[in-house]
Amino acid sequence: MVVTLIVACEVAFWLLLAGGLSLRYLLRMPRAGAALLLVEPLLELVLLVVTAMDLRNGATADWKHGLAAVYIGFSIGLGHSTLKWADQRFAHRFAGGPPPVRPPKYGPERTRHEWRTAGRWILSAVVAAALLQAAVWYVGDAGDTSSLRMWQTRMLWVIGINVALAGSYSLWPRRAPGA
């Protein structure tokens with residue numbers, strides 16, 4: 001049931017995004033579009049409540065519950081940037097807006113861009129790890145929480161990889177050709 005709900009939340013996210021942007025740009029109803037986009041966080045709340053109820057009703061904490069926490073964490077950390085990304089492209093394509101902003105290719109601007117991107121991923125992983133820890137505490141000593149701990153280890157890997165990637169741009173910044 002939890003996996004089905006995660007898939008439903010992901011599908012609903014993209015449907016709400018498309019609907020909100022369509023209302024905003026195609027039908028010229030920006031407030032209605034914004035209201036539809038504000039419904040999106042309710043999806044994560046529903047997923048959180050259903051996952052907690054599943055655990056409370058005696059389900060064994062397994063990879064599905066960990067995946068739900070990770071999904072919520074990544075929605076929190078990456079959701080706004082995804083909305084911004086889609087909004088820029090939708091506005092350009094359907095409303096005559098300016099072309100989407102491209103990330104810088106070289107120099108300190110590229111390094112800052114990489115650290116901002118890493119920051120979003122790190123925030124996602126930290127939120128997911130915190131939700132996973134809350135689930136471990138919620139289950140308590142009575143249940144097996146090894147799968148939740150496994151997801152926490154994966155979140156540490158996400159953090160490490162992002163720090164390493166962004167750090168590589170600090171140590172070896174990309175230089176413009178001929179510079």
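This briefing walks through the fold, the cores and a few chosen residues of the structure above. The model is a predicted one. The protein chain holds six helices and zero strands, and from the N terminus on its elements read α-α-α-α-α-α. Of its 179 residues, 35% count as buried.

**Overall picture**

- Along its principal axes, the C-alpha trace of the protein chain spans about 60 × 50 × 20 Å.
- Sequence-distant pairs feature strongly here: among contacts between residues at least 6 apart in sequence, 73% join residues at least 24 apart.
- The protein chain has an accessible surface of about 10,900 Å², and carbon and sulfur atoms account for 67% of that area.
- On the charge side, there are 18 positive and 10 negative side chains, with the centres of the two sets lying 14 Å apart.

**The nonpolar cores**

- The largest nonpolar core is made of 19 residues. Those with the most contacts inside it are I6, C9, L17, L21, L47 and Y71.
- Three helices, α1 (2–26), α3 (40–56) and α4 (63–95), each supply at least two residues of this core.
- The largest share, ten residues, comes from α1.
- Apart from this core lies another one, of 15 residues, and F74, L148, W151 and V158 are among them.
- Y71, listed among the best-connected members of the largest core, makes a good residue to click on. Leaving out residues up to four places away in sequence, Y71 touches I6, C9, E10, F13, E44 and L47.

**Helix α3 and T51**

- T51 is found in helix α3.
- With a relative accessible area of 9%, T51 is buried, because the cut-off for that label is anything under 20%.
- Setting aside neighbours within four places in sequence, the contacts of T51 are V2, H65 and A68.

**Helix α5 and V127**

- Helix α5 has 33 residues. From its first C-alpha to its last it reaches 48 Å, close to the 48 Å expected at 1.5 Å a residue.
- V127 has its place in this helix, α5.
- V127 has a relative accessibility of 18%, so it counts as buried.
- Beyond residues up to four places away in sequence, V127 touches G73 and I76.
- V127 and Y71 are 56 residues apart in sequence, yet their C-alpha atoms are 10.0 Å apart in space.

**The end of α5 and the loop to α6**

- Just after α5 comes G140, which takes a positive phi of about 75°.
- T145 sits in the loop between α5 (107–139) and α6 (146–171).
- Is T145 buried or exposed? T145 counts as buried, because its relative accessibility is 14%.
- If you want to see what surrounds T145, look for V136, V139 and G140, which T145 touches when residues up to four places away in sequence are not counted.
- G140 therefore appears twice in this region: as the residue with the positive phi just after α5, and as one of the contacts of the buried T145.

Technical notes: Residues are numbered from 1 along each chain as its sequence is written. This is a predicted model: local features need pLDDT of at least 70, side-chain atom pairs count only at pLDDT 80 or more; totals for chains, interfaces and linings use all residues. Side-chain values use heavy atoms; hydrogens and water are left out. Helices (H or I, at least four residues) and strands (E, at least two) are DSSP runs, numbered from the N terminus. Buried means under 20% relative accessible area, exposed over 50%, partly exposed in between (1.4 Å probe, protein chains only). Contact means heavy atoms within 4.5 Å. The expected span of a helix is 1.5 Å times one less than its number of residues. A nonpolar core is a set of buried Ala, Val, Leu, Ile, Met, Phe, Trp, Tyr and Cys residues joined through side-chain atoms within 4.5 Å. Accessible areas come from the Shrake-Rupley method with a 1.4 Å probe; for residues, only the protein chains shown count as cover. Lys and Arg count as positive and Asp and Glu as negative; His and the chain ends are not counted. The place of a charge is taken as NZ of Lys, CZ of Arg, CG of Asp or CD of Glu.
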